[in-house]
Amino acid sequence: MKKPFYSTAARQDLVDILKYIARDKPGAAVTWVEKIEAKCLLLASQPEIGELRSQFGSDVRCSFVGRYVIFHRKQGDTVEILRVMPGDRNITKL
């Protein structure tokens, strides 16, 4: 199975998500990050999944896991995970 490449920002996003959820529910934090990572693995094998969001860059797509949005794009033979953010944030400002 192909593995995704995580940008530095995406890795930090996952750490931030883990810390945020863990403040109230440590077990749930791990579960959510695992769900997000599982979706990223799916995206690596099927990079055309998700809505095309060209306003964020060439070939950028987004997919959802609960309230989290995964921004990704195909780069050669791999899929780059660009960012993972809560959907209620003002994404265009980021």
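# A tour of the sheet and its surroundings

Select strand 2 (residues 51-52) and strand 3 first: the two pair in the antiparallel sense over two bridges. The model on screen is a predicted one. Within this pairing, put labels on leucine 52 and arginine 61; arginine 61, in strand 3, is the bridge partner of leucine 52.

Next, colour the loop between strand 2 and strand 3 and pick out aspartate 59, which is found there. Aspartate 59 has a positive phi of about 65°, although it is not a glycine. Most residues other than glycine have a negative phi.

Now show the whole of strand 3, residues 61-65. Four of its five residues are buried, so strand 3 is largely enclosed by the rest of the structure. Add strand 4 (residues 68-75), which pairs with strand 3 in the antiparallel sense over five bridges. Go back to arginine 61 and look across to strand 4: histidine 72 stands opposite.

Follow the chain from strand 3 into strand 4. The two strands form a hairpin with two residues between them. Select glycine 66 in the turn; its phi is positive, about 60°. Then show the side chains of arginine 67 and tyrosine 68. The charged end of arginine 67 sits over the ring of tyrosine 68, at 5.3 Å from the ring's centre.

A second contact of this kind involves lysine 35 and tryptophan 32. Lysine 35 lies over the face of tryptophan 32, 4.7 Å from the ring centre.

Zoom out to the sheet. It is an open sheet of five strands in the order 1-5-4-3-2, and the pairing is mixed. Its edge strands are strand 1 (5-6) and strand 2, each of which pairs on one side only. Strands of a sheet pair through backbone hydrogen bonds, either parallel or antiparallel.

For the parallel sense, select strand 1 and strand 5, which pair that way over two bridges. Label tyrosine 6 and find isoleucine 81 in strand 5, which stands opposite. Then turn on helix 1 (residues 8-22), which packs on the sheet and touches strand 1, strand 4 and strand 5. The direction of helix 1 makes about 35° with that of strand 5.

Stay on strand 5, residues 78-86, and select glutamate 80, which is found in this strand. Is glutamate 80 buried or exposed? Glutamate 80 is buried because its relative accessible area is 12%, below the 20% limit for that class. Show what surrounds this side chain: leaving aside residues up to four places away in sequence, glutamate 80 touches Phe5, Ser7, Phe71, His72, Arg73 and Gln75. His72 in that list is the histidine that stands opposite arginine 61.

Finish with the cysteines. How many disulfides does the structure hold? There are zero. To see why, select cysteine 40 and cysteine 62: the sulfur of cysteine 40 is 13 Å from its closest cysteine sulfur, in cysteine 62, too far for a bond. A disulfide needs the sulfur atoms within 2.5 Å. Cysteine 40 counts as buried, at 0% relative accessibility. Cysteine 62 is buried as well, with a relative accessible area of 1%.

Conventions. Residues are numbered from 1 along each chain as its sequence is written. This is a predicted model: local features need pLDDT of at least 70, side-chain atom pairs count only at pLDDT 80 or more; totals for chains, interfaces and linings use all residues. Side-chain values use heavy atoms; hydrogens and water are left out. Buried means under 20% relative accessible area, exposed over 50%, partly exposed in between (1.4 Å probe, protein chains only). Contact means heavy atoms within 4.5 Å. Two strands pair if DSSP finds at least two bridges between them. A charge sits over a ring if NZ of Lys or CZ of Arg is within 6 Å of the ring centre and within 35 degrees of the ring normal. Axes are lines fitted to C-alpha atoms, for helices over the stretch in contact, and angles run from 0 to 180 degrees between N-to-C directions.
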